[in-house]
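Dear colleague,

I am handing over the structure that we spoke about, and my notes on it follow directly below. Please read them with the structure open beside you.

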Amino acid sequence: MQISPILSALRHHKAGTALIAMQIALTLAIVCNTLFIIQQRVAHLSRPSGIDEAHLLRIQNQWVGQHGDYAPLLAADLATLRHVPGVVDAYATNSVPLSGGGWSTGLGLKPSQNGPTAMTAIYFADDHTLPTLGVKLVAGRNFRADEISDMPALSKPTPPFVIITRALASKLYPHGDALGKSVYVAPDKPSTIIGVVRRLQAPWTGNFAASFSDNSTLVPFRLITNGTNFVLRVRTGQMGNVMRTAPKALYAANRMRVIPDDDGVMPFSAIRAKAYASDRGMAILMAVICVMLLAITAAGIVGLTSFWVGQRRKQIGVRRALGATRGDILSYFLTENLLIGMGGVLLGIALAIGLNLWMVTRFEMQHLSLWYVLAGAVALLLLGQGAVFAPALRASRVPPVEATRSV
Amino acid sequence: MFGYYFELALCSLKRNKVLTALMVLAIALGIGASMTTLTVLHVLSGDPLPDKSAKLYYPQLDPRDLSGMHPGAEPPNQVSWMDGMNLLKAGRADRQALMTGGAVAIQPAESAIDPFFEDARFTTRDFFSMFDVPFQYGHAWGKAEDDNDARLVVLSQRINDKLFGGVDSTGKTLRMGGKDFRIVGVLDSWRPTPHFYDLTTGNYSESEGVYLPLLTAIDLKFPFNGSRDCWGNGTNADMKTGLCTWMQFWVQLDTPAKASAYKQFLINYSSQQKSLGVYQREPNVRLRGLMQWLDYSKVVPSDVHLQLWLALGFLVVCLVNTVGLMLAKFLRRSGELGVRRALGASRGSVFAQLLVEAGTVGLVGGIGGLLLAVLGLWFVRMQPSDYAALAHLDLPMLAATFFLAVSATLVAGLLPAWRACVLAPAPQLKAA
């Protein structure tokens with residue numbers, strides 16, 4: 001295929017050519033970056049929490065009109081819940097992964113250290129916590145029942161020992177020897193690390209905790225306060241039943257409580273969906289915009305090329321009369337589109353990278369991987385070829401006799 | 001003339017329905033996406049108290065210890081009990097209120113309604129007058145009641161509707177957290193957006209259902225809502241110290257002169273605390289106005305900005321697309337335009353005729369865009385975020401939709417119309 005006649009023809013259609021190229025460039029720039037954002041959001045929302053979500057249920061309970069000693073109420077509730085048919089185990093805590101609210105604190109390696117070594121989430125735990133959550137110990141041991149003490153609401157925890165996540169352990173003791181060492185949860189009293197678990201995500205999924213999302217510390221305390229979260233491990237297939245029967249059992253044991261209607265009883269699948277709703281919404285929105293952009297660009301190419309084919313019917317007829325085959329005409333338009341597309345794509349690559357650099361400064365975005373740009377470029381060239389195919393085919397069907405007609 | 005051009009435009013648009021539909025669709029999609037995101041941004045970045053915001057300020061002090069200090073650090077976003085009480089008692093502003101978020105267990109008298117928890121605001125009395133909170137019945141509590149643990153409560157309209165069927169409930173008793181409170185006031189509907197006075201309980205959360213005097217609620221140890229930041233030996237057990245920041249303190253300062261005097265007062269107060277050995281850091285104060293405070297706190301989610309930019313980018317592609325299609329459409333009609341030129345129409349009138357056609361596409365696209373924006377906002381309202389319910393199109397945004405659609409399409413029509421009207425008529429006539 002000779003390129004120079006195509007180029008000289010394009011010189012007569014500068015505006016149209018520039019418009020198609022510009023549209024391809026803009027589409028490429030936006031599509032690359034949105035695909036990249038989608039990938040980031042999907043990576044974010046599919047990060048594991050470390051707990052056996054499929055079998056877990058959370059019940060939020062608040063006492064009404066009771067004051068003072070919540071400890072026996074809490075113990076009674078746990079006994080009630082553990083006897084509900086379908087419940088394997090249960091424990092009470094201040095917060096759970098993905099719930100969005102909890103307690104964060106800085107950990108030090110020295111007493112009253114200036115600035116923390118690592119940030120962590122604090123989870124109140126007992127000997128039932130690890131088996132309930134299905135969190136695996138990779139080193140050390142679980143808490144024993146006699147090690148759990150009561151802690152009144154809003155006091156400062158000074159745990160004698162803690163269980164921490166592997167991510168936190170390697171942050172505190174990078175040589176992998178955290179077990180048995182001390183860490184300062186309280187500024188002046190050390191806590192011994194007696195166990196390390198594989199993974200347990202912090203309660204927050206937003207930017208606030210991005211730097212310590214896998215740092216969690218379990219402290220051997222029962223939080224004695226008027227509001228608590230019960231976490232239940234449910235037998236496979238029993239989730240629906242337990243969601244109905246467990247709150248009933250609690251109300252039957254004691255009516256002076258509130259379990260909120262909307263989010264009081266939630267399986268972890270729902271907690272996860274809620275935690276990542278905005279990320280998922282954003283990813284879906286981006287995907288819809290991408291598809292619409294590609295469709296609009298394709299439609300634009302079809303529209304302009306059809307016009308050019310209509311405009312050049314006579315010339316096409318002349319070429320056909322002079323011996324050009326249908327294939328020649330078809331490949332003329334395909335090549336023409338490829339040339340415009342390549343121009344657009346080159347401009348688009350520069351735009352895509354520029355747009356990404358701007359977003360890095362503006363939106364805490366990461367740097368765009370070049371693979372996205374290349375994949376986008378190839379996709380747009382293919383889209384262009386696909387879009388131009390129908391008008392090109394119509395052009396190739398222009399009969400040679402057209403050369404002799406004046407219109 | 002305009003009417004005639006409009007008729008010509010309709011004729012021409014009807015002639016090639018696919019191309020017209022494509023242009024209208026592209027404009028509608030671009031406008032719909034842009035207006036949806038613009039409306040969300042418009043709602044979220046609005047002024048919660050347009051008549052008052054210029055006079056409201058949010059003082060920040062820095063009572064923290066030296067741990068983790070670095071130069072230029074911003075002071076904490078909230079104040080401690082001690083500082084809040086000191087500033088409140090100093091009373092240097094025209095109005096001032098110290099407050100925190102909380103929750104109360106409401107135990108309705110009728111057994112038909114189960115006990116429930118409701119978000120509450122524990123505050124001193126100026127909250128109501130300073131923020132122009134409208135009352136439906138009754139009034140706020142007085143100065144004396146702020147100081148003597150009075151068991152009084154102000155209800156929101158929503159809670160009054162729920163508990164008392166919307167009738168005047170002032171003077172009645174409401175049982176909360178096992179104690180009886182006398183209702184002194186019922187608010188009219190009030191939802192400042194954003195929830196500026198306490199961002200720790202959600203940037204766009206609804207206003208609280210019940211309002212209690214601060215001291216009363218704290219002494220009854222009612223549950224707290226919000227965020228607390230403690231340092232050193234500050235423990236959450238005793239909140240009445242200077243070692244945890246967890247309260248919001250707002251002041252009303254009627255003139256800029258008063259504002260700068262108040263800032264100086266905050267600096268003097270900090271120096272005094274430092275010389276008393278209470279503060280460890282050098283004075284580090286801020287006195288941000290309401291809108292500055294919202295800006296500093298980045299209340300508008302960055303995703304909303306991202307969506308807006310994405311939508312505007314999408315609109316640009318749609319417009320480039322429309323320019324291309326219009327170019328094709330206008331140039332295809334060079335024969336017809338040549339006839340008009342040959343019959344005496346000036347370049348200007350051909351240009352005007354083509355722009356009317358472009359504007360018509362824009363108008364129809366604008367109607368489509370409006371429908372899509374309504375649909376888009378409905379979709380936004382289905383989302384679980386706490387600002388979702390606020391996403392409604394208002395009159396200015398409605399007007400903006402059409403303005404944007406028509407002006408964008410006119411801009412898009414400029415190049416094609418110019419290209420079509422500069423063609424010399426003679427060759428076009430010959431070709432035709």
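Helix 2 of chain A and helix 8 of chain A cross in a left-handed sense, a crossing being left-handed if the near helix is turned anticlockwise from the far one by less than a right angle, and right-handed if clockwise. Helices here are DSSP runs of H or I with at least four residues, numbered from the N terminus. Helix 2 covers residues 14-45 and helix 8 residues 277-311 of chain A, and the two pack at an angle of about 160 degrees with their axes 9 Å apart; axes are lines fitted to C-alpha atoms over the stretch in contact, and angles run from 0 to 180 degrees between N-to-C directions. The two helices are therefore roughly antiparallel to each other, a term kept for angles over 145 degrees, whereas angles under 35 degrees count as roughly parallel.

This is a predicted model, in which local features need pLDDT of at least 70 and side-chain atom pairs count only at pLDDT 80 or more, while totals for chains, interfaces and linings use all residues. Residues are numbered from 1 along each chain as its sequence is written, and chains are lettered from A and ligands numbered from 1 in the order in which they are written.

Helix 8 of chain A also meets helix 10 of chain B, residues 302-332, where the axes come within 9 Å and cross at roughly 10 degrees. That makes helix 8 of chain A roughly parallel to helix 10 of chain B. Among the residues that make this contact are Leu285(A), Ile289(A) and Phe307(A) from helix 8 of chain A, and Leu310(B), Phe314(B) and Arg332(B) from helix 10 of chain B; two residues are in contact if their C-beta atoms, placed from the backbone, lie within 7 Å.

Turning to the chains as wholes, the contact takes 41 residues from chain A and 40 residues from chain B. On the side of chain A that touches chain B, helix 2 and helix 8 each supply at least two residues, and helix 8 gives the most, with 16 residues.

Helix 10 of chain A, residues 326-363, has 38 residues and reaches 51 Å from its first C-alpha to its last, close to the 56 Å expected at 1.5 Å a residue, the expected span being 1.5 Å times one less than the number of residues. Just after this helix, Glu364(A) takes a positive phi of about 50 degrees.

With best wishes

Definitions and conventions. Angles under 35 degrees count as roughly parallel, over 145 as roughly antiparallel, 65 to 115 as roughly perpendicular and the rest as oblique.
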